[in-house]
Amino acid sequence: ESNVIDEHLKFAKALLETYKFEDANRIKLEEALKEISDKQKDYKLNLSVIGEFSTGKSTFINALLRKDLMASQYLQGTTVTATAIEYSENYTVTLKFNDGYEKKYNFDDFEALKSMLYQINENSEEAKALHSVCVGLPSKGFLENIRVIDTPGTNVEHLWHEDVTVRALEEMSDVSVVLIDATQVLPESLIRFVRNNLEPVLSQCVFVV
């Protein structure tokens, strides 16, 4: 399968070199090809975690990581941007902005990293400029082969939070874990989200009650 995709990439690049395209279209095509090429080189599984507000997303992720990283207070908007968590040799936070700019921070310890992550998610307005946040943890094992992606709740107050989740699904996720609260009736907002955004990729979803 990898060889087939490589052949398609070569063919697409040859088309770009052979035919004339408007500058704007050429840039978009080149960016799309680069994203596909980068994905080919990325051996990690991107696992997104999706769910309603206060269904235990943060607790679930903390359990996977065996670290108390994600805030689990019962506050709307605890996560306001897509947050990818992966293995790194050091404690790092990389802010990836919508305009393509990136800014990386290094930390001496886990608590300093966690403090900054909380600050990012507390400032909802500034978070609008972010495409995503990447957290690096020097924790081998689970994160060596899997990148965990936290997303805003599917029933948050601000619609742009849900847009962040949809974009993370489209651009970052390979497999999704959808958390469902067993103590209440399945909410209409989650049914709507699944119907509108997950129906085409249901085979790549795991539903956890």
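Student: What share of the 209 residues counts as buried?

Tutor: In this predicted model, buried residues make up 40% of the 209. The label goes to a residue with under 20% relative accessible area.

Student: And what is the protein built from, in helices and strands?

Tutor: Seven helices and eight strands. As for contacts between residues at least 6 apart in sequence, 72% of them join residues at least 24 apart. The accessible surface comes to about 12400 Å², and carbon and sulfur atoms hold 52% of that.

Student: Let's try some labels. Why is E86 called buried?

Tutor: Its relative accessibility is 18%. Buried means under 20%, so E86 qualifies. R147 passes too, because its value is 14%.

Student: What makes E86 and R147 a salt bridge?

Tutor: The rule asks for a side-chain nitrogen of Lys or Arg within 4 Å of a carboxyl oxygen of Asp or Glu. Here the N to O distance is 2.5 Å, so the pair meets the rule. E86 sits in strand β2 and R147 in strand β6, so the bridge ties together parts that are 61 residues apart in sequence.

Student: How do you know that K10 and E7 also form one?

Tutor: Their closest N and O atoms are 3.9 Å apart. The limit is 4 Å, so the pair counts. Both residues lie in helix α1, three residues apart, about one turn of the helix.

Student: Are K10 and E7 buried or exposed?

Tutor: They get separate labels. K10 has a relative accessible area of 54%; exposed means over 50%, so that is its label. E7 comes in at 48%, which falls between the two cut-offs and so reads as partly exposed.

Student: Which salt bridge links D150 to a distant part of the chain?

Tutor: The one with K57, at 3.3 Å, N to O. D150 is in strand β6 and K57 in helix α3, 93 residues apart. Both of these residues are buried.

Student: How many salt bridges are there by this rule?

Tutor: Six. There's also a network of salt bridges that links D68, E111 and K114.

Student: On to the interior. What makes a set of residues a nonpolar core here?

Tutor: The members have to be buried, of a nonpolar kind such as Val or Leu, and joined through side-chain atoms within 4.5 Å. The largest set of this sort has 25 residues, and those with the most contacts inside it are L69, I85, V93, V135 and L137. Elements giving it two or more residues include β1 (45–51), α3 (57–65), β3 (91–97), α4 (110–122) and β5 (130–137). The largest share, five residues, comes from α4. Apart from this core lies another, of nine residues, among them V166, L190, F193 and C205.

Student: What makes β5 a mostly covered strand?

Tutor: Seven of its eight residues are buried. It has partners, too: five bridges join it to β2 (residues 83–87), running parallel, and six bridges join it to β3, running antiparallel.

Student: Why do those count as paired strands?

Tutor: Because pairing needs at least two DSSP bridges. With five for β2 and six for β3, both pairs clear the bar. V135 in β5 stands opposite I85 and also opposite V93.

Student: Which residues does V93 contact, leaving aside its neighbours within four places in sequence?

Tutor: Among them are Y105, F107, L113, M116, I120, V133 and V135.

Student: Why is K96 called partly exposed?

Tutor: Its relative accessibility is 30%, which lies between the 20% and 50% cut-offs, so it gets the middle label. K96 is in strand β3. K96 and C134 are 38 residues apart in sequence, yet 7.7 Å apart in space, C-alpha to C-alpha. C134 is one of its contacts, along with Y101, E102 and H131.

Student: Last one: what makes F11 fit for a surface patch?

Tutor: Patch members need over 30% relative accessible area, and F11, at 54%, is exposed, so that part of the rule is met. F11 lies in helix α1 (residues 2–18). Together with L15, Y19, F21 and L29, F11 forms a nonpolar patch with about 480 Å² of accessible area.

Key: Residues numbered from 1 in each chain as written. Predicted model: local features only at pLDDT ≥ 70, side-chain atom pairs only at ≥ 80, totals over all residues. Heavy atoms only, no water. Patch = residues over 30% accessible without salt bridge, like charges linked within 9 Å, V, L, I, M, F, W, Y side chains within 5 Å. Areas by Shrake-Rupley, 256 points an atom, 1.4 Å probe, with all protein chains shown as cover. Helix = DSSP H or I, 4+ residues; strand = E, 2+ residues; numbered from the N terminus. Buried < 20%, exposed > 50% of the residue type's maximum accessible area, 1.4 Å probe, protein only. Contact = heavy atoms within 4.5 Å.
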